[in-house]
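Visitor: I would like to learn how to read a model like this one, beginning with the way two helices meet. Could you take me through it step by step?

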Amino acid sequence: MESIYYVMCFACHRRCKHCYEDRFRPYVRDELAAVVAEAKANYARIIDHFPDRMTYLDLTDPAEDGTLPEKTGRVILSGGEALLDPLRAEVTYKVVERLTAKYARHGGVKIVVQTTGDLLDERTVTGLLQRGVYMISVAGVDDYHVGMEGPEKQRRFMEEEGPLFNFFGATDDSWIGKLWPRGRAWTNSLSRATLADNFCDRWSGGLNFLRHRYSGSEVSVEPTGDVYPCCIKTRRPIGNLVDEPLIEILDSLVGEPAFEAISTGHPERMGLAYGWSIEDFLARSRTRKPGGKLYANLCIGCDAFHEEMLGPVIDRARNRRRAACAAAE
């Protein structure tokens with residue numbers, strides 16, 4: 001697989017108004033202990049159920065004879081805020097170490113730690129690099145993050161010297177662009193996406209998620225182990241990595257029309273085999289923002305289809321996997 005986006009913990013030190021996940025927020029005392037404990041309890045089994053090799057065949061870079069080179073994939077470690085104390089030492093460092101050990105003799109892995117950036121210091125950067133982190137990705141360079149408003153502040157922040165960094169933020173041409181209809185971005189009526197903004201048909205959407213052997217495949221994993229075909233997150237998870245291997249979950253959905261539609265970047269077609277026409281899907285993609293304005297985006301239709309139709313489909317796939325596992329024992 002080319003990429004796994006692993007949200008290790010919901011704890012964050014910010015409550016950004018544009019965030020796509022309500023659970024990314026500050027936690028204190030017992031609440032903080034609980035979310036950190038959840039992350040600590042699950043990360044080992046989640047990683048154990050990652051693919052045996054974190055590599056992929058690159059369809060975009062064939063050799064002269066047409067063969068495809070095998071390249072090293074990446075695991076993006078995120079939150080919340082992955083560098084928040086005590087998460088940094090109790091989870092993030094240990095996850096990095098376990099990933100490095102798991103793939104050391106199996107093609108390697110590129111480990112990316114995603115952070116808002118304002119908790120980075122020399123000691124933390126050194127600790128990450130010494131444990132084998134390939135890249136530190138700073139995701140807070142946008143006007144929504146306090147202290148980063150305006151291009152001049154963002155430019156000065158990015159020009160600070162250091163090791164290998166990647167800087168991005170919630171801008172129209174980067175990452176969540178016009179803002180996903182999720183979390184506080186939705187509650188605060190900030191999403192400007194339309195039906196023309198197909199988040200599924202792009203990186204971090206569902207595009208190619210089933211084609212895990214080849215370039216372009218990525219899934220998103222929560223601290224609970226729940227796995228989704230996109231970072232935006234469908235209304236229901238497709239499985240849970242605390243209990244089952246990722247590749248078995250994905251392979252069980254190959255050929256299922258709804259998930260093939262997601263994987264090809266055409267969510268409007270996910271209902272065709274289940275009695276929903278494209279017109280039906282588009283009609284269910286229309287709603288109103290919490291602020292009252294009319295709104296339409298394919299993610300809304302996807303939510304409705306998951307809620308009304310896909311529960312039994314996901315359950316049947318899980319039951320088939322369990323039956324196959326029992327038969328093999």
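Guide: Let us begin with the contact itself, bearing in mind that this is a predicted model. On the H1 side, Val 36, Ala 39, Lys 40, Tyr 43, Ala 44, Ile 47 and Asp 48 take part, and they meet Glu 90, Val 91, Lys 94, Val 95, Arg 98, Leu 99 and Lys 102 of H2. By residue class, this contact of H1 with H2 comprises 8 nonpolar and 6 charged residues, with no polar ones.

Visitor: How are H1 and H2 oriented to each other?

Guide: Two packed helices are described by the angle between their axes and by the distance between those axes. Here helix H1 (residues 29-48) and helix H2 (residues 87-103) pack at about 5°, and their axes lie 10 Å apart. Angles under 35 degrees count as roughly parallel, and H1 and H2 are therefore roughly parallel to each other.

Visitor: How many cavities of 30 Å³ or more does the structure hold, and what lines the second largest cavity?

Guide: The structure holds 2 such cavities, and the second largest encloses about 130 Å³ of space. Its lining is made up of 16 residues, of which Cys 200, Cys 230, Thr 234, Cys 299 and Cys 302 lie nearest the centre. Helix H9 (residues 298-328) supplies the largest share of this lining, with 4 residues, while the lining as a whole divides into 9 nonpolar, 4 polar and 3 charged residues.

Visitor: Where does the pLDDT fall below 50?

Guide: The chain averages a pLDDT of 90, and 88% of the residues score at least 70. Over residues 141-150, however, the pLDDT is below 50, although the model gives this stretch 35 contacts beyond near neighbours in sequence. Residues 153-163 also stay under 50, with 16 contacts beyond four places in sequence.

Notes
Residues are numbered from 1 along each chain as its sequence is written. This is a predicted model: local features need pLDDT of at least 70, side-chain atom pairs count only at pLDDT 80 or more; totals for chains, interfaces and linings use all residues. Side-chain values use heavy atoms; hydrogens and water are left out. On a 1 Å grid over the protein atoms alone, a cavity is a set of points where a 1.4 Å probe fits but cannot get out, and a pocket is an open set with protein on both sides within 12 Å along at least five of seven lines; lining residues have an atom within 4 Å of a point. Grid points are joined across faces, edges and corners, and a volume is the space filled by probe spheres set on the points. Helices (H or I, at least four residues) and strands (E, at least two) are DSSP runs, numbered from the N terminus. Ala, Val, Leu, Ile, Met, Phe, Trp, Tyr, Cys and Pro count as nonpolar, Asp, Glu, Lys and Arg as charged, and the others, Gly among them, as polar. pLDDT is the predictor's confidence in each residue, from 0 to 100. Contact means heavy atoms within 4.5 Å. Axes are lines fitted to C-alpha atoms, for helices over the stretch in contact, and angles run from 0 to 180 degrees between N-to-C directions. Angles under 35 degrees count as roughly parallel, over 145 as roughly antiparallel, 65 to 115 as roughly perpendicular and the rest as oblique.
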